[in-house]
Amino acid sequence: MNTYKEVVLKPKKDEFLKRFHPWVFSGAVAYKSKEIEEGEIVKVLSHEKEFLGVGHYQIGSISVRILSFKDVVINVDYYIERLSEAYKMRKHIGLINSENNTYRLVHGEGDNLPGLIIDIYGNTAVLQAHSVGMHSDREKISEALRTVYGSDNLKNIFYKSEGTLPFKADIDPEDSYIFGGADVDDIAVENGLKFKIDWLKGQKTGFFIDQRENRTLLEKYSHRRNVLNMFSYTGGFSVYALRGDAAIVDSVDSSSKAISITDQNVQLNFGDEPRHNSYSEDAFRFLNEIPDGKYDLIVLDPPAFAKHRGAVNNALQGYKKLNHSAFAKIAKGGILFTFSCSQVISKEQFRLAVFSAAAISGRKVQILHQLTQPADHPINIYHPEGEYLKGLVLYVE
């Protein structure tokens, strides 16, 4: 039995927790113990004082993120248990093998650890906190990681949370190594391909692991096609397209640093590759200026156009405009891979935006595949909000 401070809910506001949804919204709280600090572990009780769960308290619309629906102590042993289960699942489904040492170990609510992301790149773990509670527990999580993996398999743990923690929180996080850091190999392997990972300054944890299976699909469609990879970041889709025997592959990103790493990744896998060209340019402008029909396979994988609900309408207009440009430019018989990683944009909203773009273009379009995030980014069945990546593969007559 733990002795954590308490958060008590209003009458009839416990149904969502009894259905194992891991969030307690501030509007459901009747009262709480005095002087609870943000990030502190609390016990959540119904109005009738029935135990409901334990989790991290936070300030904002979500008051508690539930870690366990059992009355347990959240300590190193707890994190060892959760990380062991996360590792076991990924090992059992074949994600961890000699051809792939790049995967997500913890995907927040999907792995019953809300507010925590852990990505593995070879012998380096990149730990990212999205809540003050996980920030406060980072040393416990680091110790648990070292226990689960052992010293032979985990050499470095990099903490990268400067840009992900609540900006109103009274903390001053610093991206840094919390374990190792002296002898770092920043080359990771994904499905037999090598990638340089910039976890120090790159987007997210350094690489878009969530597109691994979609890159594999693109490889199958790339044979002898002219491929345009828009918003290419560090060239994941480009490298797969080259291995898929594409005729040409052009990578476009506004970040010159990302384009530099794209070129390094192509070099790592293929040496001097004349089929590949890279451009550090604005994606919308580049797409509008290319000749009609130059490319018969286009990838649109933009950053999140909407990070909160107030931006949804503008984001949908952005997706419509971007996809219309692609429909207008792609060759006859072309294939379009188009994505949204905005969590607040639903699958239905995204498809409607793409449908509108297709209708305006007047092209005949067929859906070949409907894509989502891979198995190491699992969706907690009780937390459907965890489904964020939407994608369509389209055939354009």
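## Two helices side by side

In this predicted model, helices H6 and H7 run roughly parallel to each other, because an angle under 35 degrees counts as roughly parallel and theirs is about 30°. Two packed helices are described by the angle between their axes and the distance between the axes. For the distance here, the axes of H6 (residues 236–243) and H7 (residues 256–270) are 9 Å apart. Their crossing is right-handed.

Which residues of H6 and H7 meet? On the H6 side they are Val239, Leu242 and Arg243, and on the H7 side they are Asn265, Val266, Asn269 and Phe270. Sorted by class, this contact of H6 with H7 has 4 nonpolar, 2 polar and 1 charged residues.

## A sheet of six strands

Let us turn to the sheets. Strands of a sheet pair through backbone hydrogen bonds, either parallel or antiparallel. One open sheet in this model has 6 strands, and reading across it gives the order E2-E6-E5-E4-E1-E3, with mixed pairing. At its edges lie E2 (23–25) and E3 (29–32), each of which pairs on one side only. Ignoring direction, neighbouring strands of this sheet are turned by 35° against each other on average.

You can follow one pairing in detail. E2 pairs with E6 (residues 62–68) in the antiparallel sense, over 3 bridges. Look for Phe25: its bridge partner in E6 is Ile62.

Is Ser63, a residue of E6, buried or exposed? Ser63 counts as buried, because its relative accessibility is 7% and the cut-off for buried is under 20%. Leaving aside neighbours within four places in sequence, Ser63 is in contact with Val24, Phe25, Ser26, Val29, His56, Tyr57 and Gln58. Compare that with Asp253, whose C-alpha lies 38 Å from that of Ser63 in space, with their positions 190 residues apart in sequence.

## A sheet of seven strands

Another open sheet is built from 7 strands in the order E16-E15-E14-E17-E18-E20-E19, and its pairing is mixed as well. The edge strands, each pairing on one side only, are E16 (276–280) and E19 (365–371). From one strand to the next, the twist averages 15°.

Strand E14 (residues 226–230) is a good place to explore. What are its pairings with E15 and E17? E14 and E15 run parallel and are joined by 5 bridges, while E14 and E17 (residues 297–300) pair in the parallel sense over 4 bridges. Met230 shows both pairings: Met230 stands opposite Val252 in E15 and opposite Leu300 in E17. As for E15, 5 of its 6 residues are buried, so E15 is largely enclosed by the rest of the structure.

## Helices on the sheet

Now find H7 again. This helix lies across E15 (248–253) and E16, and runs at about 170° to E16. Angles over 145 degrees count as roughly antiparallel, so H7 and E16 are roughly antiparallel.

Helix H9 (residues 312–329) also packs on the sheet. Which strands does H9 touch? They are E17, E18 (334–340), E19 and E20 (390–396), and the direction of H9 makes about 170° with that of E18.

## A buried residue in a loop

Ile290 sits in the loop between helix H8 (283–289) and E17. Ile290 counts as buried, because its relative accessibility is 6%. Not counting residues up to four places away in sequence, Ile290 touches Leu228, Tyr295 and Lys329. Ile290 and Ile330 are 40 residues apart in sequence, yet 9.8 Å apart in space from C-alpha to C-alpha.

## Two residues with positive phi

Most residues other than glycine have a negative phi. Here are two residues to check against that rule. Glu35 is not a glycine, but its phi is positive, at about 60°. Where is Glu35? You will find Glu35 in the loop between E3 and E4 (41–45). Glu35 is exposed, because its relative accessible area of 71% is over 50%.

Asp245 is also a residue other than glycine with a positive phi, near 70°. Its place is in the loop between H6 and E15. How exposed is Asp245? With a relative accessible area of 31%, Asp245 is partly exposed.

Methods: Residues numbered from 1 in each chain as written. Predicted model: local features only at pLDDT ≥ 70, side-chain atom pairs only at ≥ 80, totals over all residues. Heavy atoms only, no water. Axes fitted to C-alpha atoms, helices over the stretch in contact; angles between N-to-C directions. Parallel < 35°, antiparallel > 145°, perpendicular 65-115°, else oblique. Left-handed = near helix turned anticlockwise from the far one by under 90°. Contact = heavy atoms within 4.5 Å. Nonpolar A, V, L, I, M, F, W, Y, C, P; charged D, E, K, R; others polar. Pairing = 2+ DSSP bridges. Buried < 20%, exposed > 50% of the residue type's maximum accessible area, 1.4 Å probe, protein only.
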